[in-house]
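Opening the notebook on a new chain today. I want the overall layout down before I poke at single residues.

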Amino acid sequence: FGPLLIIALLLLTVLIWAVESVYRNYIRPIGKIAEKVSLINTTNPSYRIASQGAGEIRRLCDRINEAAQRHEILAKHVDAKIQLAKAEFEQEKNTLAAIVAELPEGVLICNADGRILLYNNRARLLLTGEPSKDPAIPDTPGSKRYIGLGRSVFGIIDKNILGHVLDQINGKLQENDPDAVSYFVAPGADDRL
């Protein structure tokens with residue numbers, strides 16, 4: 001009975017060592033790798049995983065690090081392009097604003113939702129009657145309407161009028177009309193047209 005017990009204990013020891021080796025080289029590193037990949041994906045894209053565990057696990061760590069490096073380079077490249085596009089957009093916007101400010105006609109630029117994106121002093125004077133900073137435009141008594149960036153144009157010009165005008169322009173654009181323009185009359189400051 002003694003030799004069988006010793007052989008059973010040796011087999012149990014070998015089995016425990018094999019299970020512990022599999023756990024140490026495969027299972028524990030996989031859990032750590034999953035945590036570190038989450039760290040790379042969420043908060044620190046420049047973090048790299050230390051190769052540990054069995055050969056297959058180390059190769060997996062190397063491939064994950066290569067992918068993380070490529071992702072980080074691409075993300076920096078995309079960020080640089082976004083910053084360049086923003087700078088170009090701001091420059092074009094400032095140029096357009098300078099041109100619009102110098103026009104003798106009133107200019108009011110809105111987006112599709114009716115939010116005012118750009119206007120000049122002449123438009124302010126015509127639509128609201130507020131005093132202008134331009135000495136060439138005479139001051140008139142103010143009205144209760146207000147024009148400002150980001151505000152709705154529908155507080156100044158009737159939404160039905162603008163809807164009709166947009167329908168006309170869209171119809172002309174669908175017909176490829178080179179003169180896609182529409183004219184309308186709206187009350188300005190002090191009920192002038």
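Below are my entries, starting with the whole chain and moving on to particular spots.

**Entry 1: what I'm looking at.** I note up front that this is a predicted model. I went through the secondary structure and got four helices and two strands. Reading along the sequence, I wrote the order down as α-α-β-β-α-α. The radius of gyration came next: it is 35 Å, while the globule rule gives 16 Å for 193 residues, so the chain is more spread out than a compact globule. I also looked up the extents of the C-alpha trace, and they come to about 115 × 35 × 35 Å along the principal axes.

**Entry 2: burial, contacts, surface.** How much of the chain counts as buried? I get 21% of the 193 residues. For the contacts with a separation of 6 or more, I find that 38% join residues 24 or more positions apart. The exposed area is about 14000 Å², and I see 62% of that coming from carbon and sulfur atoms. On charges, I have 23 positive and 23 negative side chains, with the centres of the two sets 11 Å apart.

**Entry 3: Ile57.** I picked isoleucine 57, which sits in helix α2, residues 55–102. Buried or exposed? Its relative accessibility is 6%, under the 20% cut-off, so I log isoleucine 57 as buried. Which residues does isoleucine 57 contact, once neighbours within four places in sequence are set aside? My list reads Asn25, Tyr26, Pro29, Ile30, Ile33 and Gln52. I checked one of these partners by C-alpha distance: proline 29 is 28 residues away along the chain, and its C-alpha lies 7.4 Å from that of isoleucine 57.

**Entry 4: helix α3 and its end.** Next I went to α3 and listed its buried residues: Ala123, Arg124, Leu125, Leu127 and Thr128. What covers them? The cover includes both β1 (108–110) and β2 (116–119). I then zoomed in on threonine 128, placed in α3, which runs over residues 121–128. Threonine 128 has 0% relative accessibility and counts as buried. I also found a polar atom of the threonine 128 side chain 2.6 Å from the backbone oxygen of arginine 124. Just after α3, I noted glycine 129 with a positive phi of about 75°.

**Entry 5: Gly148.** I followed the chain into the loop between α3 and α4, where glycine 148 is found. Its relative accessibility is 5%, so I count glycine 148 as buried, the cut-off being under 20%. What does glycine 148 touch, not counting residues up to four places away in sequence? I have Ile116 and Tyr119. I also ran a C-alpha to C-alpha check against alanine 180: the pair is 32 residues apart in sequence and 27 Å apart in space.

**Entry 6: Asn176.** Last stop is asparagine 176, in the segment after α4 (159–174). I flagged its backbone: phi is positive, about 55°, although asparagine 176 is not a glycine. Is the residue buried or exposed? At a relative accessible area of 66%, I put asparagine 176 down as exposed.

**Wrap-up.** Of the residues I looked up, isoleucine 57, threonine 128 and glycine 148 go down as buried, and asparagine 176 goes down as exposed.

Technical notes. Residues numbered from 1 in each chain as written. Predicted model: local features only at pLDDT ≥ 70, side-chain atom pairs only at ≥ 80, totals over all residues. Heavy atoms only, no water. Rg over C-alpha atoms; globule rule 2.2 N^0.38 Å. Buried < 20%, exposed > 50% of the residue type's maximum accessible area, 1.4 Å probe, protein only. Contact = heavy atoms within 4.5 Å. Areas by Shrake-Rupley, 256 points an atom, 1.4 Å probe, with all protein chains shown as cover. Lys, Arg positive; Asp, Glu negative; His and termini not counted. Charge placed at Lys NZ, Arg CZ, Asp CG, Glu CD. Polar contact = N/O pair within 3.5 Å; in protein donor to acceptor, adjacent residues only side chain to side chain.
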